[in-house]
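Got the viewer open? Let's take a walk through the charged pairs, one selection at a time.

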Amino acid sequence: MHKLTGDKVIYTFKTEMEPVLSIKPGEEVLVETNDCFYQQIQSEDQVMMEIDFDHINPATGPIFVEGAEPGDLLKVEILEIRVADKGVAGVVPGEGILGDKTKKPIVRIIPIQEGFAHYKGLKLPIKPMIGVIGVAPSDEDGECPTETPWKHGGNMDTTDIAQGNTVYFPVNQKGALLALGDCHAVMGDGEICFTGLEVPAQVRLRVDVIKDRKVNWPMIGTEDSTMVVASGDDVDKAIYNATDETVSLLSRALEMDFEEAYLLTSIAVHIRISQVVDPRKTIRSEIPHSIISTDKLIENI
Ligand code: CA
Ligand code: ZN
């Protein structure tokens with residue numbers, strides 16, 4: 001199995017990037033990821049806003065996938081996410097949904113043992129996820145900092161980008177150029193105060209290429225559904241983008257006209273919040289398998 005160490009990072013997804021690893025379709029890779037602060041916070045006495053902000057949201061990579069060409073779909077199976085034995089979370093005045101009410105910054109180092117995060121006497125079951133994962137953007141979109149989510153992926157902070165699920169990306173550049181980081185041991189939908197339980201991790205992936213399948217936004221395949229993950233300057237725009245893509249995918253896959261697919265979306269597809277605190281907001285639109293399986297959907301678009 002290929003291995004990629006956590007010192008090989010990017011801070012911007014660019015159209016052209018020098019790959020640090022090249023793999024063949026179907027191969028597995030073990031990727032070491034850093035927490036979103038590049039492990040700069042090690043004590044509760046530290047002030048979050050005083051760390052070096054040039055080293056925020058490192059993404060390990062990029063990985064060149066042989067045979068991936070623009071117009072293909074990159075399939076990334078998340079086989080395992082193994083998180084560190086402690087994570088960091090924090091609150092900063094002015095940040096997050098209730099930033100106006102937050103009087104003092106706090107940092108908490110939270111131990112993680114046997115599948116639980118221990119916070120203030122509570123035992124919270126962990127559900128590890130990848131916050132930042134993406135590919136080289138299209139020429140039209142150009143450079144995207146790792147902290148910003150968009151059509152290439154990036155900082156989507158979506159709780160379903162988790163072990164056992166599969167993420168699909170539109171390939172915009174030769175080799176796709178995959179990179180990832182910013183794992184969370186656990187996070188609530190919304191990521192309300194602007195951090196999850198931020199952790200370094202070891203992520204095991206299997207990467208494949210599906211030829212000639214054009215999508216505009218990343219998707220997630222889960223046991224029950226296919227999710228379209230879309231972002232926008234505000235939640236309304238993110239919902240618009242996800243719905244637009246969902247209706248387009250369903251009308252192609254099920255051979256329905258726009259209005260029929262739009263109606264189907266209204267009665268059977270669920271709009272769910274991913275995050276509301278990053279430079280763009282992210283939501284996901286969940287298409288249950290009762291409508292169409294992920295494989296069938298992809299086969300027919
Ligand atoms: Ca994040
Ligand atoms: Zn994070």
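One cut-off to keep handy: a residue counts as buried under 20% relative accessible area, as exposed over 50%, and as partly exposed in between. Bear in mind, too, that this is a predicted model.

**Stop 1: Arg272 and Glu286.** Select Arg272 and you'll find a residue with 25% relative accessibility, so it goes down as partly exposed. Now add Glu286, which is buried at 15%. The two form a salt bridge, with 3.0 Å between the closest N and O atoms. Arg272 sits in strand S21 (residues 270-275) and Glu286 in strand S22, so this bridge ties together parts 14 residues apart in sequence.

**Stop 2: a network.** Next, select Glu28, Glu77, Glu80, Arg82, Arg204 and Arg206 together: salt bridges with shared partners join them into one network.

**Stop 3: Asp160 and Arg284.** Are these two buried or exposed? Both Asp160 and Arg284 are buried. Show their side chains and you'll see them meet in a salt bridge, 2.7 Å from N to O. Asp160 is in the loop between strand S14 (153-155) and S15, while Arg284 is in strand S22 (residues 281-288), so the pair ties together parts 124 residues apart in sequence.

**Stop 4: Lys174 and Glu69.** Which residue does Lys174 pair with? Select Glu69: the two make a salt bridge, and their closest N and O atoms are 3.7 Å apart. This pair links distant parts of the chain, 105 residues apart, with Lys174 in the loop between strands S15 (166-170) and S16 (176-184) and Glu69 in the loop between strands S6 (59-65) and S7 (73-83). Lys174 is exposed, at 53% relative accessible area, whereas Glu69 is partly exposed, at 32%.

**Stop 5: zoom out.** Switch to a cartoon of the whole protein chain, and you have three helices and 22 strands to look at. The salt bridges come to 16. Colour by charge and there are 28 positive and 49 negative side chains, the centres of the two sets lying 4 Å apart.

Turn the C-alpha trace around: along its principal axes it spans about 60 × 40 × 35 Å. The radius of gyration is 19 Å, which agrees with the value near 19 Å that a compact globule of 301 residues would have. Buried residues make up 52% of the chain. Finally, put on the surface, which comes to about 13,300 Å² of accessible area, 49% of it belonging to carbon and sulfur atoms.

Definitions and conventions
Residues numbered from 1 in each chain as written. Chains lettered and ligands numbered in written order. Predicted model: local features only at pLDDT ≥ 70, side-chain atom pairs only at ≥ 80, totals over all residues. Heavy atoms only, no water. Salt bridge = Lys/Arg side-chain N within 4 Å of Asp/Glu carboxyl O. Helix = DSSP H or I, 4+ residues; strand = E, 2+ residues; numbered from the N terminus. Buried < 20%, exposed > 50% of the residue type's maximum accessible area, 1.4 Å probe, protein only. Rg over C-alpha atoms; globule rule 2.2 N^0.38 Å. Areas by Shrake-Rupley, 256 points an atom, 1.4 Å probe, with all protein chains shown as cover. Lys, Arg positive; Asp, Glu negative; His and termini not counted. Charge placed at Lys NZ, Arg CZ, Asp CG, Glu CD.
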